[in-house]
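Colleague: Got a minute to go through this model with me? I'd like to start with one helix and work outwards.

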Amino acid sequence: MRVAVAGGHGKVARHLSRVLAARGDVPIALIRSLNQVDDVTSDGAEAVVLDLERCNVADVAGAITGAEAVVFAAGAGPGSGAGRKDSVDRAAAALLAEAAEQAGVSRYVLISSMGVDTEPPAGTDDVFAAYLRAKAASERDLRERDLDWTILRPGRLTDDEPTGQVLLEESVPRGAVPRQDVAAVVASLLEQPATAGLTLELVSGVVPVDAAVVAATERTD
C-alpha cells in the first residue's frame, strides 16, 4: 500500500513511516523543506517537498496521485501562534482532503486531538484554544466529504517508550499515549477498512493495538 503522510517530518509521522516501511508498504512523506529529505528517506519513506501552507489543491493532488491512502499528521507545532494553528491544523487538513477527492484517493486518516467536542473552557490558553478549534473544524470538514475517513483523537502525546497496548474507543478518559503507539494505531487503522466512518479516542491501555482496532470495528457492527 502506498500511503501519503502529510507532516511527514513530524514525530508521529516518522514513526508511522518506519512501521509502514517495515511491513512492506510505501510511505510517501510530504515535507516542507529539502533539509528534511535525508531524515524521512532514512525512515524508508519517499520524500516529496510540498509546503501545504503555500501550495494549491492541484499541487497536492499531483503529489498523492497513485497513493491508496493519506494520513494527515501535520501540525503547526510548539511555539506557533493562533494563525498557524488555523492555516495548518484546519486549512491544510481540508486541502489534503480536497486533493484526495481530486486524485481519487478515498482512504483518509486524520490525526486530531481529544477535547475538541466542546468549546474550550474559560481560561484556556488562547493558542491552545485556537488549536482545538482548528482540529474541530478539520473534523467537521472531513465528515462532510465523500471519503472513507477515520478520525483518531489521541490524548496527551509523549515520547515515552511504546507499550503496544492502548485504550481505543469512541470516548475514553483523559490520559497520555506515546507517539510511537499512536503511529502503530494509525498503521493498524489503515489495514482495517471497517474503521471508515469512525471517530476514535486513544490513550494508553491494556489491549494490544491490532486487537483494539478490531474491537473498535466490532462495537459499531
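Colleague: Which residue caps the N-terminal end of helix 5?
Modeller: Asp 125 does that. One of its side-chain oxygens lies 3.1 Å from the backbone nitrogen of Val 127. Keep in mind that this is a predicted model.

Colleague: Noted. How many residues does helix 5 have, and how far does it reach?
Modeller: Helix 5 has 18 residues and reaches 26 Å from its first C-alpha to its last. That is close to the 26 Å expected at 1.5 Å a residue.

Colleague: Which residues of helix 5 are buried?
Modeller: Quite a list, including Ala 129, Tyr 131, Leu 132, Lys 135, Glu 139 and Leu 142. The cover over the buried residues of helix 5 includes strand 4, helix 4, strand 5 and strand 6.

Colleague: OK, on to the sheet. What's the strand order?
Modeller: It's an open sheet of 9 strands, ordered 3-2-1-4-5-6-10-8-11, with mixed pairing. Strand 3 (46-49) and strand 11 (207-208) are the edge strands, each pairing on one side only. Helix 5 packs on this sheet and touches strands 4, 5, 6 and 10. The direction of helix 5 makes about 160 degrees with that of strand 6.

Colleague: And in what sense do strand 2 and strand 3 pair, parallel or antiparallel?
Modeller: Parallel, over 4 bridges. For instance, Ile 31 has Val 49 in strand 3 as its bridge partner.

Colleague: Switching topic: which residues touch the most other members in the largest nonpolar core?
Modeller: Leu 52, Val 60, Ile 64, Phe 72, Leu 96 and Tyr 108, out of 32 residues in that core. Helix 4 gives the largest share, 8 residues. There's another core apart from it, with 29 residues, among them Ala 13, Leu 16, Val 71 and Val 185.

Colleague: What does Tyr 108 touch?
Modeller: Leaving out residues up to four places away in sequence, its contacts include Val 70, Phe 72, Leu 96, Leu 142 and Trp 149.

Colleague: Last one. Is Glu 201 in strand 10 buried or exposed?
Modeller: Buried, because its relative accessibility is 7% and the cut-off for buried is under 20%.

Colleague: So what does the side chain of Glu 201 reach?
Modeller: The backbone nitrogen of Val 172, at 2.9 Å. Glu 201 is also in contact with Arg 153, Asp 117 and Ser 171, among others. The C-alpha atoms of Glu 201 and Ser 171 are separated by 5.7 Å, though the two residues are 30 residues apart along the chain.

Note on methods:
Residues are numbered from 1 along each chain as its sequence is written. This is a predicted model: local features need pLDDT of at least 70, side-chain atom pairs count only at pLDDT 80 or more; totals for chains, interfaces and linings use all residues. Side-chain values use heavy atoms; hydrogens and water are left out. Two strands pair if DSSP finds at least two bridges between them. Helices (H or I, at least four residues) and strands (E, at least two) are DSSP runs, numbered from the N terminus. Contact means heavy atoms within 4.5 Å. Axes are lines fitted to C-alpha atoms, for helices over the stretch in contact, and angles run from 0 to 180 degrees between N-to-C directions. Buried means under 20% relative accessible area, exposed over 50%, partly exposed in between (1.4 Å probe, protein chains only). A polar contact is a pair of N or O atoms within 3.5 Å; within protein, one must be able to donate a hydrogen and the other to accept it, and residues adjacent in sequence count only if both atoms are side-chain atoms. A nonpolar core is a set of buried Ala, Val, Leu, Ile, Met, Phe, Trp, Tyr and Cys residues joined through side-chain atoms within 4.5 Å. The expected span of a helix is 1.5 Å times one less than its number of residues.
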